[in-house]
Amino acid sequence: MNNFHHLVKVVSAMKQTEQDARDALVTLLGRVPGLDAQFVEEEDRSDSAGADIVVTISNQGRQSILVCEVKSNGQPKVAELAIYKLKRDIGAFGPNAFPVFVAPYLSEAVRAFCEEEKVSYFDLAGNARIAVDGLYIERQSEDNPFKEKREFKSLFSPKAASVLRVMLKTVPGLPELETGPWRQWRVDELRLKAAVSLGLVSNVRKALIEKGFASDQSQGIVLTKPIELLEAWQKVYTKPAGETYSFYTTLHGNQFTFALRDVLGTHSNIGQAVLSSFSAAKWMAPYARVGSETFYADKRGLQRLKSALQLTASGHGENVQITVLKDEGPIWDAIEPTEGIWCTSPVQTYLDLSVSGDRGFESANVLRKAMLQWS
């Protein structure tokens, strides 16, 4: 697709959003008895601020002007810039002008930000808060027909998740500003650490900034809302794709632990395997006891586990589950909470536990308090 056609599509989508916004505003204001509203077309304006929609309203003898900035998405970064522009340009419309931010959908966080900045808003999903001289409208909608599932899925895809794990991972002993969410990352540094392409890191960086989870600083990108990022990830999280095998072992107690230390590790070139979920949490922040052990592994790691743990196939009574991952990122991000015992990272373990039923969710919260202090 050439740039001209792409530009035409973007402009057409924007014009449609503006028209939908006008229609929504007509409906919204039409519900107020006795209110008179007149749209001021662009050719009739004396301002040079370039507002998308300008409406003069008269209500109970009071006259006001609604100056609307319309955006095709209401993500936090977009909202922040639009609101800054509104507040900067509102003076051109006179003393009775009030700024209004409009988008297809505004999240609860963006709506709260609008209120903090004393900017009215409405969206095409049915949320609205217009507070001007002599007029107050507030509506809330439970539905969001403009859900950003595809964008969130892209941000939390397996390859992108490798970047997020790097940014969220804290390394004991390093100064606070050099590790975890507080570190400023250059794109090339993230590419090397996460072992992904430069293009992927750039896309993740852009998405994090647009969604308000991160910002650009002098030394690179830094997470400004790591808690919100983790919680957004947890809401859409599904366990890593792979093939799961069930086995039985007669080893237990010290015998099992000794065998684990002999086989686990992320630095072996003959196969990798790490403890996962409840089995990983047991070594970091024990809470719920389960009767089986779980692992992530690659294909060679599966064979090493079968040999070291003396695993046998069984139609019933399995007490070991091994998932051979399609994407091995969670293995390479492993930590060693005690000598010779390798586990999925606290972030990965938290996510896995959080989708493992009620006991798993409780265990996830215990782990979060113990291992993810920044959250």
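**Surroundings of helix 9 and the buried cores of the chain**

In this predicted model, Ala308 has a relative accessible area of 23% and is therefore classed as partly exposed, since the term buried is kept for residues under 20% and exposed for those over 50%. Ala308 belongs to helix 11, and, when residues up to four places away in sequence are left aside, the residues that Ala308 touches are Leu251, Ala259 and Val263. With Val263, Ala308 forms a pair that is 45 residues apart along the chain, and yet the C-alpha atoms of these two residues are separated by 6.5 Å.

Val263 and Ala259 lead on to helix 9, which spans residues 253-263 and in which Phe256, Thr257, Ala259, Leu260 and Val263 are buried. Because these buried residues fall within an arc of 160° when the helix is seen down its axis, they line one face of helix 9. Asn254, Phe258 and Asp262, by contrast, lie on the other side of helix 9 and are exposed. The partners of the buried residues are both helices and strands: these residues pack against helix 10 (277-284) and helix 11 (299-308), and also against strand 11 (273-275), strand 12 (293-297) and strand 15 (341-343).

The wider nonpolar interior was examined next. The largest nonpolar core contains 68 residues, and the members that touch the most other members are Leu208, Trp233, Leu264, Phe295, Leu305 and Ile322. Helix 5, which covers residues 158-168, gives the most to this core, with 7 residues. Phe295 serves as an example of such a member, and its contacts, again without residues up to four places away in sequence, include Phe256 and Leu260, both of which are among the buried residues of helix 9. Phe295 also touches Leu264, Leu305 and Ile322, as well as Val274, Leu275, Ser276, Leu309, Val320, Gln321 and Thr323. Apart from this core lies another one, of 20 residues, which includes Ile53, Leu66, Ala128 and Leu135.

The cysteines were considered with regard to bonding. A disulfide is a covalent bond between the sulfur atoms of two cysteines, and the structure holds 0 of them. For Cys68, the closest cysteine sulfur is that of Cys114, and because the two sulfur atoms are 12 Å apart, they are too far from each other for a bond, given that a disulfide is counted for sulfur atoms within 2.5 Å. Cys114, for which the nearest cysteine sulfur is that of Cys68, is likewise in no disulfide. Cys68 has a relative accessible area of 0% and so counts as buried, and Cys114, with a relative accessibility of 0%, is also buried.

Two residues that are not glycines stand out in their backbone angles. Phi of Ala195 is near 55°, which is a positive value, and Ser277 has a positive phi of about 50°. Their settings can be set side by side: Ala195 lies in the loop between helix 6 (187-194) and helix 7 (198-210), whereas Ser277 lies in helix 10. Ala195 has a relative accessibility of 65% and so counts as exposed, while Ser277, with a relative accessible area of 7%, is buried.

A further serine, Ser363, is found in helix 14, which runs over residues 357-371. Ser363 has a relative accessibility of 3% and therefore counts as buried, and, apart from residues up to four places away in sequence, Ser363 touches Phe278, Tyr287, Ala288 and Leu353.

For the protein chain as a whole, the secondary structure comprises 14 helices and 15 strands, and 45% of the 375 residues are buried. Of the contacts with a separation of 6 or more, 61% join residues that are 24 or more positions apart. The radius of gyration of the chain is 27 Å, whereas a compact globule of 375 residues would have a value near 21 Å. Taken along the principal axes, the box filled by the C-alpha atoms has dimensions of roughly 85 × 40 × 40 Å. The chain exposes about 20100 Å², and carbon and sulfur atoms supply 50% of this area.

Methods
Residues numbered from 1 in each chain as written. Predicted model: local features only at pLDDT ≥ 70, side-chain atom pairs only at ≥ 80, totals over all residues. Heavy atoms only, no water. Buried < 20%, exposed > 50% of the residue type's maximum accessible area, 1.4 Å probe, protein only. Helix = DSSP H or I, 4+ residues; strand = E, 2+ residues; numbered from the N terminus. Arc of directions from axis to C-beta. Contact = heavy atoms within 4.5 Å. Core = buried A, V, L, I, M, F, W, Y, C linked by side-chain atoms within 4.5 Å. Rg over C-alpha atoms; globule rule 2.2 N^0.38 Å. Areas by Shrake-Rupley, 256 points an atom, 1.4 Å probe, with all protein chains shown as cover.
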